[in-house]
Every structure is written in structure tokens, then in C-alpha cells.
Amino acid sequence: MKWLQFLLVAFTISFALNLFGTEQLFIPFLDPASQSNVVVTVSDFGKGQPCPPAFTNSVSNTNLFTPEERQMIQDIFVKYRNVTTNVGPPGTVLVNFYKTNFIIRPIYWIKTNSINTWRTNELWVSDFQYTNSESKEEIRFGSGISATFTDKLKNGYNASFAWVGDGTLLTVSEQKHGLHVGFVARFSDLHPQGTSWDYRRADFSDAHLEEYMQMTNGMVSGKWLMWNPRDGNLTLEAESKEPYDWNNHRQMLPN
């Protein structure tokens with residue numbers, strides 16, 4: 001089970017209250033008081049609920065992705081398979097290469113006071129320029145890789161391949177004019193690799209969505225969906241009526 005579902009299943013608290021005789025659902029681990037403009041239709045991180053066809057967790061779902069977005073994602077599935085620190089995607093040349101050390105906190109849902117959640121990462125960073133356009137790529141190499149593609153208008157995407165459990169989680173987020181605007185989608189590679197993981201062996205040919213968000217400048221604005229990728233059950237269906245800064249409403253867990 002991937003990290004997001006494991007975390008939620010392990011700690012899920014079902015928030016519900018009766019308001020005029022109806023049950024109000026909330027998104028776990030987010031402050032319930034902050035969700036006044038978020039309509040939650042499904043919040044079931046146990047078995048989940050059968051998913052309606054409109055929300056089938058596939059990149060081919062036209063209710064979730066435009067033809068251009070689908071093509072972009074399909075390209076990402078294979079685009080970075082053969083990149084190295086000095087060889088970029090087809091059509092690029094290396095223009096800069098350096099190493100960086102920085103301290104980060106793992107990207108989990110739950111905030112914690114524990115200093116042990118901070119760690120130092122050493123990454124190699126390669127900058128590539130496309131030879132037939134003004135587009136460019138920044139690719140960071142660590143245990144997995146993350147890439148940022150931008151064109152001359154600062155439109156593009158971020159993509160990261162991470163080792164999760166015994167498989168790979170691919171996260172893709174759109175950028176428009178340098179801002180996080182558009183969709184965020186997380187795909188599961190359902191082909192386990194065991195302990196000898198290598199992102200280059202990930203196979204997303206039949207990948208399933210784990211999560212889908214519509215974003216405006218880093219905030220949820222529109223649909224927010226989550227699935228169990230193995231059976232396709234819907235575990236979350238929510239919609240934000242106005243931009244919702246979910247990242248700043250995560251609830252703090254004690255050490």
C-alpha cells in the first residue's frame with residue numbers, strides 16, 4: 001500500500017456531525033473548521049466506495065484530463081527513463097551541473113513537532129536546454145528524480161518519481177506562468193520491484209491514479225479525488241467552492 005493510503009488508513013478519524021438531520025463529512029487530518037467551503041461527498045479511507053464511471057482513475061478519463069494533458073502525462077511516463085546527470089531528454093543539451101545539500105522535511109500530510117522529521121539531502125542538479133526552442137528542464141537526482149519543465153512563457157510541469165513501498169509513485173503538477181495552476185495527479189506503478197528499486201524500471205503503461213486535485217496557485221480549487229489504485233475504489237471525493245489552502249490546515253500530531 002502506498003504511503004498516502006497507509007498513513008490515512010493507519011490514523012484516519014472519521015469526522016461527522018449532524019446538521020439539521022444530515023451527516024456532514026470532512027477530509028481527515030485537515031482542520032474541520034477550515035472546511036466550511038469544501039463539500040465532501042465521499043470520505044472512506046477504509047475499504048472505499050465503488051467508483052462511478054465519471055471518476056475512473058485512469059489517465060484516459062476525459063472528465064479529468066484534456067487531450068493535451070493526457071498526451072503530456074503519457075510522454076512523462078517514458079520521457080525520463082534514460083536520463084542521467086549529463087544526458088537529458090531527447091532534444092536537449094546539458095548547460096549546468098552542480099551538487100546541492102539542503103535540509104527538508106518529508107512531504108507527508110501530517111505536521112509534527114519532532115525534529116527527527118528533518119533530514120539532510122544531497123542532490124545532483126542538471127540543467128538542460130532544448131535545442132529547437134526556449135524550453136528548459138531542471139532535473140534533480142537523489143534516491144529518485146524530480147524534473148521541472150518550463151517553456152518561454154513559464155508554462156510547464158513538475159514531475160517526480162519516488163520509491164514508495166515496493167513500487168513507484170509518480171506525481172505530476174501543472175504550472176502556468178510560473179504558478180501552480182491546473183491539476184496535480186499521482187500515479188501508482190503496480191509492478192513491484194522489491195528492495196532493488198530503480199525509477200528507470202518503473203512501468204506506468206497501466207498506471208492508476210491515487211490522487212487528483214485541481215489547483216490555483218498551490219490551493220485546491222475544484223475537485224479533489226483519491227482512490228485505492230488496486231481496486232479503483234473511491235476513498236475521497238471533495239470539491240472546494242473557493243481556493244482552499246489545505247497545506248496550512250493540516251493538523252499537528254503529538255510526538
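Asparagine 217 takes a positive phi near 50° in the hairpin of β12 and β13, which has two residues between the strands. Strands here are DSSP runs of E with at least two residues, helices are runs of H or I with at least four residues, and both are numbered from the N terminus. Two strands count as paired if DSSP finds at least two bridges between them.

A quick note on provenance: this is a predicted model, where local features need pLDDT of at least 70, side-chain atom pairs count only at pLDDT 80 or more, and totals for chains, interfaces and linings use all residues. Residues are numbered from 1 along each chain as its sequence is written, and side-chain values use heavy atoms, with hydrogens and water left out.

**The strands around that hairpin**

Let's walk through the pairings. β11 (181–189) runs antiparallel to β12, with eight bridges joining them. Phenylalanine 183 has glutamine 214 in β12 as its bridge partner. β12 covers residues 208–216 and pairs with β13 in the antiparallel sense over five bridges; here methionine 213 is matched with tryptophan 224 in β13.

β13 (residues 219–227) in turn pairs with β14, again antiparallel and over five bridges, and tryptophan 227 has leucine 234 as its partner. The hairpin of β13 and β14 has six residues between the strands, and glycine 232 in that hairpin takes a positive phi near 80°. β14 also pairs with β3 (residues 38–43), antiparallel over five bridges, with valine 42 standing opposite glutamate 237.

How covered is β14? Six of its seven residues (234–240) are buried, where buried means under 20% relative accessible area, exposed means over 50%, and partly exposed is in between (1.4 Å probe, protein chains only). Over in β12, glutamate 211 counts as buried because its relative accessibility is 2%. Glutamate 211 and leucine 234 are 23 residues apart in sequence and 9.9 Å apart in space, C-alpha to C-alpha.

**Salt bridges**

A salt bridge here is a side-chain nitrogen of Lys or Arg within 4 Å of a carboxyl oxygen of Asp or Glu. By this rule the count comes to six, and the table lists some of them.

| Pair | N to O distance | Burial |
|---|---|---|
| Glutamate 137 and lysine 79 | 2.6 Å | both buried |
| Arginine 140 and glutamate 138 | 3.1 Å | partly exposed, 25%, and partly exposed, 25% |
| Glutamate 237 and lysine 223 | 3.3 Å | both buried |

Glutamate 237 and lysine 223 form a salt bridge. That pair links distant parts of the chain, with glutamate 237 in strand β14 and lysine 223 in strand β13, 14 residues apart. Salt bridges that share partners join Lys223, Glu237 and Glu239 into one network.

Then there is the salt bridge between glutamate 137 and lysine 79. It also links distant parts of the chain: glutamate 137 is in strand β7 (residues 136–141), lysine 79 in helix α2, and they are 58 residues apart.

**Other positive phi values**

Most residues other than glycine have a negative phi. Phenylalanine 29, though not a glycine, has a positive phi of about 70°. It is found in the loop between β2 (22–25) and β3, and is buried, with a relative accessible area of 5%. Histidine 177 has a positive phi near 55° and is found in the loop between β10 (167–175) and β11. Is histidine 177 buried or exposed? Histidine 177 counts as exposed, at 58% relative accessibility.

**A cavity and a surface patch**

The structure holds one cavity of 30 Å³ or more. A cavity is a set of points on a 1 Å grid over the protein atoms alone where a 1.4 Å probe fits but cannot get out, and lining residues have an atom within 4 Å of a point. The largest cavity has a volume of about 50 Å³, the volume being the space filled by probe spheres set on the points, which are joined across faces, edges and corners. Its lining includes Ile76, Phe77, Val78, Phe161 and Tyr199. The largest share of that lining, three residues, comes from helix α2 (residues 67–79).

On the surface, Leu94, Phe97 and Trp124 form a nonpolar patch with about 270 Å² of accessible area together. Such patches are made of residues with over 30% relative accessible area and no salt bridge, with nonpolar side chains (Val, Leu, Ile, Met, Phe, Trp, Tyr) joined within 5 Å and like charges within 9 Å. The areas come from the Shrake-Rupley method with a 1.4 Å probe, and for residues only the protein chains shown count as cover. Tryptophan 124 sits in strand β6 (residues 119–130) and is partly exposed, with a relative accessible area of 37%.

Terms used: 1 Å grid on protein atoms, 1.4 Å probe; cavity = no way out; pocket = protein on both sides within 12 Å on 5 of 7 lines; lining within 4 Å.
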